[in-house]
Amino acid sequence: MEISLTAGQIGELSTLAKSSLPNESCAFLLGKNDNVVEILPMRNSDESTVSFSIEPQEVLRAYDLAESKKLHVIGIFHSHPAKPAPSSTDKRFMEINPVVWLIYSTTEQRFRAYVYGSDIMEVAVKITA
Ligand SMILES: [Zn+2]
């Protein structure tokens, strides 16, 4: 399993993460199959350095927008001012929402992706031109 993003989208997400510091940033990844087509930056209503959450009405709007563009929410992005590994809270939410979770570490400046199957599994991040 993998998630595929363009180099431009990777740049967009790392910029979003850095501009949200010291807090975590978050975004929905809209696309088809494994390919991200559009990034939808969301507001971290926690305004926290260790967690994020998105208001339910904003989640609904994002899903409606995806549907209107004939895309799916194929992933959830958020950043950590720490290691790019899921926190215990992340793991709980990954289980509820088993799409690909893409995490960017602003300290290590790298991306890692995970998905919940019977356990948390790492997903390859493919970067295309
Ligand atoms: Zn997290």
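Analyst: Helices here are DSSP runs of H or I with at least four residues, and strands are runs of E with at least two, numbered from the N terminus. Please keep in mind that this is a predicted model. By that numbering, Gln-109 sits in the loop between β5 and β6.

User: Thanks! Is Gln-109 buried or exposed, and how do you know?

Analyst: Exposed means over 50% relative accessible area. Gln-109 has 52% relative accessibility, so this residue counts as exposed. Its phi is near 50°, a positive value in a residue other than glycine.

User: What makes Asn-33 count as buried or exposed?

Analyst: The cut-off is again over 50%, and Asn-33 has 68% relative accessibility, so it counts as exposed. Asn-33 belongs to the loop between β2 and β3, and its phi, also positive, is near 50°.

User: Which atoms coordinate the zinc ion?

Analyst: His-78 and His-80 each coordinate the zinc ion through NE2, while Asp-90 is listed twice with OD, and the distances run from 2.0 to 2.7 Å. Donors must be N, O or S atoms within 2.8 Å of the zinc, so these atoms qualify. The spacing of the donor residues in sequence is H-x1-H-x9-D. His-80 in strand β4 (residues 72-80) and Asp-90 in helix α3 (residues 88-96) are 10 residues apart, a pair that links distant parts of the chain.

User: Why is the arrangement of the 4 donor atoms around the zinc ion called irregular?

Analyst: A tetrahedral site would need all angles between 85 and 135 degrees. Here the angles span 53 to 162°, which makes the arrangement irregular. Square planar is ruled out as well, because that would need angles other than those of opposite donors to lie between 65 and 115 degrees, and the range here starts at 53°.

User: Why do His-80 and Asp-90 count as buried?

Analyst: Buried means under 20% relative accessible area. His-80 has 7% relative accessibility, so it counts as buried; Asp-90, also at 7%, therefore counts as buried too.

User: What lines the largest pocket, by class?

Analyst: Its lining has 10 nonpolar, 5 polar and 2 charged residues. This pocket has a volume of about 310 Å³. Closest to its centre are Phe-52, Ile-54, Ile-76, Phe-93 and Trp-101. Helix α3 gives the most to the lining, with 4 residues.

User: Which residues have the most contacts inside the largest nonpolar core?

Analyst: Those are Ile-3, Leu-13, Leu-29, Phe-77 and Leu-102, in a core of 19 residues. Its largest share, 4 residues, comes from α1.

Definitions and conventions:
Residues numbered from 1 in each chain as written. Predicted model: local features only at pLDDT ≥ 70, side-chain atom pairs only at ≥ 80, totals over all residues. Heavy atoms only, no water. Donors = N, O, S within 2.8 Å, 3.2 Å for Na, K, Ca; no water. Tetrahedral: all angles 85-135°; square planar, octahedral: opposite > 155°, others 65-115°. Buried < 20%, exposed > 50% of the residue type's maximum accessible area, 1.4 Å probe, protein only. 1 Å grid on protein atoms, 1.4 Å probe; cavity = no way out; pocket = protein on both sides within 12 Å on 5 of 7 lines; lining within 4 Å. Points joined across faces, edges and corners; volume = space filled by probe spheres on them. Nonpolar A, V, L, I, M, F, W, Y, C, P; charged D, E, K, R; others polar. Core = buried A, V, L, I, M, F, W, Y, C linked by side-chain atoms within 4.5 Å.
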